[in-house]
Amino acid sequence: MKLRSVLFLSLVLFSCLVIAQHTPAHQSRPQATLSLADGWQLQSSSKVVDGGDVLSTPKFEAKGWYTVTVPTTVVAALVKHKVYPDPGYGMNLRSFPGVTYPVGVNFSNLAMQPDSPFARPWWYRKQFVIPASDKGKTLWLHFAGINYRANIWLNGKQIARQDDVAGAWRTYEFNITGVARPGEPNALAVEVFAPTETDLAITFVDWNPAPPDKNMGLWRGVTLSTSGPVTLRYPTVLSKVDSPANDSAHLTVTALIKNATNQPVKGTLKGRIEAVEFSQDVEVGPGEAKDVAFEPEQFSQLNISHPRLWWPAQMGTPNLYQLSMDFVVDGKVSDHTDTHFGIREIDSTLNANNGRVFTINGKKILIRGGGWSPDMMLRENQQRIEDEFRYVKDMGLNTIRLEGKLETPEFFDLADREGILIMAGWCCCDHWEHWGNWAPADFTIAQESLRDQIYRLRNHPSLVMWLNGSDNPPPPDVEQMYLSVEKQCRWPNPVVSSAKDIVTSVTGEPGVKMPGPYEYVAPSYWLQDSEHGGAKGFNTETSPGPAVPPIESLREMLPKEHLWPIDDWWNYHGGGGAFKNMHVFTDALNARYGNAASAEDFAFKSQLMGYEGIRAMFEAYSRNKYNSTGIIQWMLNNAWPSMIWHLYDYYLRPGGGYFGAKKAMEPMHPVYGYDDRSIWVVSSQYQDAKGLKLTTKVFNLDMTEKYSQLTTLDAAADSTNKILTLSEIDGLSPTYFVVLRLEDSGGQVVGSNFYWLSTKPETLDWEKTNWYVTPTASYADYTALSQLAKVKLRLTEHTEHKGADAITHVVVENPSKTLAFFVRLKINKGAGGEEILPVLWQDNYISLLPGEKREISATYHAADLGTSKPAVEVSGWNVAAQ
């Protein structure tokens with residue numbers, strides 16, 4: 001086949017399939033797939049004399065090149081080869097060539113310096129053998145992600161040019177039938193150019209620094225597949241559910257079919273969902289690509305009775321079905337796909353306050369999630385993603401937000417299986433939102449990027465919405481372009497113009513807001529505020545600020561000489577822009593808990609700050625549902641070791657914020673109102689609960705009981721229930737405690753809470769509110785906590801194994817007459833060994849009343865123990881060494 005025909009079939013007809021390496025059996029796939037992951041070679045063009053026509057021949061010898069595995073960015077490969085040190089440690093990243101941009105500045109908006117080694121292209125080269133049995137088949141070469149531009153050569157011939165291969169979020173598919181050589185060595189050479197400051201690339205905004213190559217390279221997988229004359233892409237099932245009965249569903253099945261030949265082809269498209277079969281005859285013109293649909297009005301068998309619905313994990317079971325499709329030509333299968341899908345319908349409406357309320361299969365859901373970040377160098381690690389999803393479910397979150405960081409197929413498959421909703425869309429703060437500076441090519445790249453992403457995401461039941469903008473909505477012409485693509489590609493879920501409360505002339509009210517805060521605010525903020533980021537409407541990104549990790553993580557990210565006092569090395573691991581230091585957080589910590597005397601002291605008090613701040617935020621939005629409709633903690637995780645914005649740190653070590661979030665999202669949860677001293681019970685489960693008993697107690701610092709009340713109540717499914725309001729209590733100590741215990745009708749504890757409070761009012765300076773903070777005018781005073789006597793806890797433990805997991809059960813008892821405050825438990829690899837991570841603690845950072853005993857379990861990968869025995873370590877605010 002001539003080169004011109006190859007390019008025509010592959011590019012003009014927007015045939016851009018993503019097929020990830022190591023594609024699992026349930027993922028949509030062509031008839032046969034060959035992963036081109038291993039054995040690549042990488043080198044800077046400054047050290048390469050020959051062009052692509054020579055590099056892409058099997059006889060070329062790549063002497064002195066780096067051997068790499070794709071996907072990888074250039075800098076990630078060089079770090080792996082130890083050309084550069086670990087960029088996450090200390091200020092190592094500042095030593096990398098090309099890292100000359102100012103600290104805290106968004107590098108994506110700056111030009112690379114001319115002398116940067118990444119200002120010139122880099123070559124990726126791969127030799128491979130296509131099975132001889134593939135002769136006579138159509139051969140497809142897939143690139144799931146190239147950042148940013150590329151010239152591509154195969155067997156001495158250029159098959160794509162950088163004018164056509166441009167866009168970090170585009171996917172590419174090339175018909176290489178006329179160029180590839182089945183049964184013989186083939187050589188592929190890809191010349192990759194880094195994005196410029198005026199490209200629609202990948203940015204980390206102010207979350208963390210950027211690597212000097214701006215993540216240039218083959219950052220997603222490369223695969224080879226085969227088919228007959230017609231291939232199938234993006235099989236999708238769209239659902240309409242008859243709610244509220246949910247006893248029937250109406251399915252539309254659609255797929256993109258592509259004719260790889262220059263002749264018209266007639267065939268039959270067949271599908272099967274369990275025992276349900278359907279088919280239709282199709283004719284595809286020369287080189288044509290078109291969507292073919294089976295509508296339930298024409299195919300009555302697609303009207304399903306009593307479907308097994310897909311639900312988010314919080315609401316039910318995320319049931320999945322399998323769809324198998326074939327395109328048959330002259331009695332032979334030209335292509336075959338298998339994919340999983342869920343039967344569910346997601347909708348949204350605006351409430352009286354223009355807050356967007358989401359429903360799944362007709363039932364309301366309060367969106368509670370966190371903002372996701374991939375690795376700073378875009379390194380893929382499927383085990384880590386699975387571990388992070390376990391954390392998400394363990395905390396009780398139901399949603400992950402992807403701001404422009406659209407993950408791998410495996411990520412979305414996992415979300416489908418685990419019942420975690422995904423809120424996806426474009427990013428802010430770089431050329432993606434510099435619409436006034438777009439060149440004509442940018443409009444094309446944006447349009448095709450959206451088309452590629454909508455096609456690959458539309459079948460995943462976990463996708464809850466798509467945002468066409470982030471910090472700002474696109475202008476009318478761009479928004480209309482996006483909406484047209486989404487309609488053409490049959491995106492089945494709500495589309496929101498942006499993450500911000502800006503009305504557009506095209507779609508009107510977005511139903512969401514992003515007024516902050518992102519910096520430390522007092523716990524009372526979330527219930528007292530009704531004008532900014534407080535518990536009203538849908539806040540798409542917000543946070544109580546820095547999330548300083550436990551001391552063990554600080555020691556991993558900072559050298560000893562910079563561990564204390566706080567200096568610029570700490571600040572470098574903070575945020576960018578307005579978040580280049582932590583003085584707001586530090587001032588509050590010192591005022592509320594007493595001046596930190598060491599890194600250890602500061603880290604522990606930071607866990608207190610994180611626990612109460614995160615708990616208060618999530619509790620406020622939960623208590624106010626559905627006046628409040630959604631809350632996304634900014635952020636869930638970090639791209640590198642960080643002091644700011646996470647619920648667990650880069651080393652997967654959960655701290656105070658993690659357990660504050662987990663406490664706040666108990667399915668049945670008692671809540672104290674910082675705004676008015678009211679006591680509530682919030683049900684986040686979807687079954688009624690009758691005969692509950694809530695015990696409310698107030699204690700002084702010396703454990704004198706100042707108040708006690710037992711209340712019997714019923715809690716309807718997905719409800720909020722105001723139980724009582726605490727009146728003024730005389731004789732409270734400067735720091736006192738509110739203890740809540742919720743039992744079911746059988747006496748089983750189903751929810752609990754422990755608050756430390758101050759008689760000194762904590763007030764906010766509302767007039768000085770800006771987009772990221774409402775300052776604290778006067779702080780609560782918890783310095784009396786230093787008066788608590790040391791407590792020696794009793795500890796017993798035993799460990800069992802279940803499958804690949806080990807579960808250590810810890811019984812911890814406070815035999816003293818003093819409160820054991822903020823007790824931290826760890827599982828180590830033997831006494832004095834390293835902490836086992838990741839780990840799922842049933843509860844942690846707990847407080848034990850005098851005489852109280854609790855059993856708490858920790859679940860972790862048994863393999864992480866190695867040959868060691870698990871050893872439990874306990875510490876706390878006033879816990880004596882064991």
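The disulfide between cysteine 428 and cysteine 429 is left-handed in this predicted model, because the torsion about its S-S bond is about -80°. The two sulfur atoms sit 2.3 Å apart, and the count of disulfides comes to one. The two partners differ in their surroundings: cysteine 428 counts as buried, at 3% relative accessibility, whereas cysteine 429, at 26%, counts as partly exposed. What about cysteine 427, whose closest cysteine sulfur is in cysteine 428? That gap is 4.8 Å, which is too far for a bond, given that a disulfide needs sulfur atoms within 2.5 Å. Cysteine 427 is itself buried, with a relative accessibility of 5%. Cysteine 489 is buried too, and its relative accessible area is 0%.

Turning to the nonpolar interior, the largest core takes in 274 residues, and the members that touch the most others are Phe143, Ile152 and Phe821. Which helix supplies the largest share of this core? That is helix 12, residues 599-623, with 13 residues. As general background, nonpolar side chains tend to be buried together in soluble globular proteins. The contacts of isoleucine 152 give a close-up of one of these hubs. Setting aside neighbours within four places in sequence, isoleucine 152 is in contact with Phe143, Ile146, Phe174 and Leu188, among others. Its list also includes some polar company, namely Lys157 and Gln158, along with Ile159, Ala160, Val165, Ala189 and Val190. A second core, separate from the big one, has eight residues, including Leu55, Trp123, Trp153 and Ala189.

Helix 12 comes up again in a helix pair. Its axis and that of helix 11 (residues 583-593) come within 10 Å and cross at roughly 95°. With 65 to 115 degrees counting as roughly perpendicular, helix 11 and helix 12 therefore fall in that class. On the helix 11 side, the contact is made by Phe585, Thr586, Ala588, Leu589, Arg592 and Tyr593. Helix 12 answers with Phe602, Lys605, Ser606, Leu608, Met609 and Glu612.

On to the strands. One open sheet has six of them, in the order 3-2-5-10-7-8, with antiparallel pairing. Which strands stand at its edges? Strand 3 (66-68) and strand 8 (157-160) do, and each has a single partner strand, so one side of each is left without a neighbour in the sheet. From one strand to the next, the twist averages 30°. At the strand 3 end, three bridges join that strand to strand 2 (residues 40-44), and the two run antiparallel. Within this pairing, tryptophan 40 has valine 68 of strand 3 as its bridge partner.

Further along the chain, strand 45 (residues 853-861) pairs in the antiparallel sense with strand 41 (residues 805-813), over nine bridges. Here valine 810 stands opposite isoleucine 856 of strand 45. Strand 45 also pairs with strand 43 (residues 840-841), again in the antiparallel sense, over two bridges. In that pairing, tryptophan 841 has alanine 858 of strand 45 as its bridge partner.

How values were computed. Residues are numbered from 1 along each chain as its sequence is written. This is a predicted model: local features need pLDDT of at least 70, side-chain atom pairs count only at pLDDT 80 or more; totals for chains, interfaces and linings use all residues. Side-chain values use heavy atoms; hydrogens and water are left out. A nonpolar core is a set of buried Ala, Val, Leu, Ile, Met, Phe, Trp, Tyr and Cys residues joined through side-chain atoms within 4.5 Å. Buried means under 20% relative accessible area, exposed over 50%, partly exposed in between (1.4 Å probe, protein chains only). Helices (H or I, at least four residues) and strands (E, at least two) are DSSP runs, numbered from the N terminus. Contact means heavy atoms within 4.5 Å. Two strands pair if DSSP finds at least two bridges between them. Axes are lines fitted to C-alpha atoms, for helices over the stretch in contact, and angles run from 0 to 180 degrees between N-to-C directions. Angles under 35 degrees count as roughly parallel, over 145 as roughly antiparallel, 65 to 115 as roughly perpendicular and the rest as oblique.
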